[in-house]
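Hi everyone, thanks for making time for this. I'd like to walk you through one model, so let me put it up on the screen.

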Amino acid sequence: MIRRGIFERFRKSKPAFTVTPYDPETQKPVLRCSICTGEQVAGFRDLTTGRFTDIMLIRNEKDLEAFKRQYGVTEITKEF
């Protein structure tokens, strides 16, 4: 029992899930689709730099709806 308490101090805590901030003024929601594999990744494209920030892998329609609900997105454009 004493040993267990000693090692608890050194255990790393799991990182908490964080929501990436989304600014509709400077970013637009994008669904990047691979032509070869069909893989889809939802994220945001910065309108000034063009940089894409991937948020989550979309495996089915349920994942896409969860992404839209989480960020309050109604329309999402596809990029190939």
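**A helix, a sheet and what lies between**

Let me start at the end of a helix: right after α2 comes G72, and its phi is positive, near 70 degrees. Before going on, please keep in mind that this is a predicted model.

Now to the other end of that helix. The N-terminal end of α2 is capped by N60. If you want to find the contact, look for a side-chain oxygen of N60, which sits 3.2 Å from the backbone nitrogen of K62.

So much for the ends; what about the sides? Which residues of α2 are buried? They are D63, L64, F67, K68 and Y71. Looking down the axis of α2, you'd see these buried residues within an arc of 135 degrees, so they line one face of the helix. The general background is familiar: an α-helix has 3.6 residues a turn, so residues three or four places apart point the same way. On the other side of α2, you'll find E61, K62 and R69 exposed.

And what does the buried face meet? The buried residues of α2 pack against β1, β2 and β3. The helix lies across those three strands, β1, β2 and β3, and runs at about 135 degrees to β3.

Let's turn to the sheet. It is open, with four strands in the order β3-β2-β1-β4, and its pairing is mixed. β3 and β4 are at the edges with a single partner strand each, so one side of each has no neighbour in the sheet. On average, and ignoring direction, neighbouring strands are turned by 35 degrees against each other. For the parallel part, look at β1 and β4, which pair over three bridges. L31 has its bridge partner in β4, namely K78.

L31 also takes us to the core. The largest nonpolar core has ten residues: L31, C33, A42, F44, I58, L64, F67, Y71, V73 and I76. Two or more residues each come from β1, β2 and α2, and α2 gives the most, with three. As a general remark, nonpolar side chains in soluble globular proteins tend to be buried together.

One core residue to click on is F44. Which residues does F44 contact, leaving aside neighbours within four places in sequence? Its contacts are Y22, Q27, K28, P29, R51, F52, T53, I55, F67 and Y71. Among them, F67 and Y71 are also buried residues of α2, which brings us back to the helix.

That's my tour, thanks for listening!

Key
Residues numbered from 1 in each chain as written. Predicted model: local features only at pLDDT ≥ 70, side-chain atom pairs only at ≥ 80, totals over all residues. Heavy atoms only, no water. Core = buried A, V, L, I, M, F, W, Y, C linked by side-chain atoms within 4.5 Å. Buried < 20%, exposed > 50% of the residue type's maximum accessible area, 1.4 Å probe, protein only. Contact = heavy atoms within 4.5 Å. Arc of directions from axis to C-beta. Polar contact = N/O pair within 3.5 Å; in protein donor to acceptor, adjacent residues only side chain to side chain. Pairing = 2+ DSSP bridges. Axes fitted to C-alpha atoms, helices over the stretch in contact; angles between N-to-C directions.
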